[in-house]
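Colleague: Could you take me closely through one part of this model, the packing of a pair of helices, and add whatever else is needed to judge how far the coordinates can be read?

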Amino acid sequence: MGTTPNDIRLLLNDCEYFIADILQDEQLSEIAEDAQKKLLNNFRLVRERFPLDFSIQSGPKDDEGSDDNRSSSLGRSAPSDTSENQDDWIPDYVEDIPMVAVHELNNVIKQSYLEKRRKDHSFFSSEWQKRWCVLNNSVFYYFSSEKDKQQKGCFDIRDYDVQLVTNLRKDSKRNSCFELSAPGRQVYQFTATSPQEARDWVTQIKFVLQDLSSSFIPVDDDESEELEEDYDDIEEDIYESMPEDFPAAAAEESSEVAVTPDYASYYQCLWDCQADELDELAFSRGDLIRIISKELNYHGWWVGELNGKVGIVPKDFLQPAFIL
């Protein structure tokens with residue numbers, strides 16, 4: 001096992017990177033070029049003498065496996081990439097969270113680009129990295145981009161606490177930062193594109209944490225019997241107002257052609273939701289909303305109608321009211 005302190009290894013590798021890569025395209029004098037060759041040879045000798053401290057890799061890493069890879073003319077990646085790779089590839093509960101592409105994630109609660117703070121960074125690497133972040137149920141994923149085929153990292157937010165923080169940065173983005181922390185676990189720090197976006201992330205994460213800690217958790221179709229018990233009175237009202245012979249009954253009352261109700265457009269509300277903006281529609285758990293449009297689906301909103309009022313509603317608060 002290597003004995004050289006990590007800070008010294010990072011410094012030496014940054015120096016080698018500067019000499020090999022940064023100065024590669026510079027017009028150096030004959031004396032400077034000679035010094036560059038000697039220094040690079042010395043770096044090679046040190047690596048050969050201390051292989052445990054300065055491991056030599058056969059080539060640059062795959063872009064999917066590390067962030068901001070930089071391969072030198074010696075055919076290896078700087079160890080500062082390795083520390084960054086460790087930051088992104090040792091998430092909590094990783095054995096329980098499989099690799100997944102962005103487009104494969106369902107039930108997305110919140111997603112956008114954020115800047116993620118790295119646990120360890122070197123002189124030539126950035127402390128904050130742009131990441132496509134997705135809150136999916138209780139798992140927080142982060143990807144290099146919104147088209148990635150597998151996550152750079154992920155962690156389960158259960159047992160975490162989230163809050164806005166203003167002491168992570170000293171620049172104009174200091175009011176757009178938030179942090180997730182839990183006793184004995186890795187701390188995750190992010191910067192949003194604006195203070196409002198940061199508050200929205202904190203609100204959504206707190207909502208999920210509160211829902212996970214509540215006694216009632218929405219269930220899937222295979223647990224429909226329990227769901228019917230919770231919504232017994234609501235379901236009766238629904239089917240009483242929309243019987244199976246509704247089209248025939250409507251035809252008898254009117255000489256016009258009977259129109260079959262579009263049951264697929266009706267969704268049941270899982271939770272209470274207050275309207276924060278004028279264009280939003282407030283509803284209560286158990287309400288039946290008719291969805292008029294899904295043109296805002298990408299942003300997580302649909303247009304619905306309830307009691308004669310029309311407004312946008314968060315789609316993740318709804319589930320199909322009828323099994324067709």
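Modeller: Strands here are DSSP runs of E, at least two residues long, and helices are runs of H or I of at least four, both numbered from the N terminus. In that numbering, Arg-131 lies in strand β2, which covers residues 128–136. The model is a predicted one, with a chain average pLDDT of 75 and 69% of the residues scoring at least 70.

Turning to the helix pair, two packed helices are described by the distance between their axes and the angle between them. Helix α1 (residues 6–22) and helix α2 (residues 30–49) have axes that come within 10 Å and cross at roughly 145 degrees, and the crossing of α1 past α2 is left-handed. On the α1 side the contact is made by Leu-12, Asn-13, Cys-15, Glu-16, Ile-19 and Ala-20, which meet Gln-36, Leu-39, Leu-40, Phe-43 and Arg-47 of α2. By character, the residues of this contact comprise seven nonpolar, two polar and two charged.

To return to strand β2, where Arg-131 has its place, this residue counts as buried because its relative accessibility is 5%, and buried means under 20%. The side chain of Arg-131 also makes a polar contact of 3.4 Å with the side chain of Gln-129.

As for confidence, residues 56–93 stay under a pLDDT of 50, although the model has 100 contacts beyond four places in sequence for them. Residues 254–259 are likewise below 50, with three contacts in the model beyond near neighbours in sequence. Where pLDDT is low, the predicted coordinates should not be read in detail.

Technical notes:
Residues are numbered from 1 along each chain as its sequence is written. This is a predicted model: local features need pLDDT of at least 70, side-chain atom pairs count only at pLDDT 80 or more; totals for chains, interfaces and linings use all residues. Side-chain values use heavy atoms; hydrogens and water are left out. pLDDT is the predictor's confidence in each residue, from 0 to 100. Contact means heavy atoms within 4.5 Å. Buried means under 20% relative accessible area, exposed over 50%, partly exposed in between (1.4 Å probe, protein chains only). A polar contact is a pair of N or O atoms within 3.5 Å; within protein, one must be able to donate a hydrogen and the other to accept it, and residues adjacent in sequence count only if both atoms are side-chain atoms. Axes are lines fitted to C-alpha atoms, for helices over the stretch in contact, and angles run from 0 to 180 degrees between N-to-C directions. A crossing is left-handed if the near helix is turned anticlockwise from the far one by less than a right angle, and right-handed if clockwise. Ala, Val, Leu, Ile, Met, Phe, Trp, Tyr, Cys and Pro count as nonpolar, Asp, Glu, Lys and Arg as charged, and the others, Gly among them, as polar.
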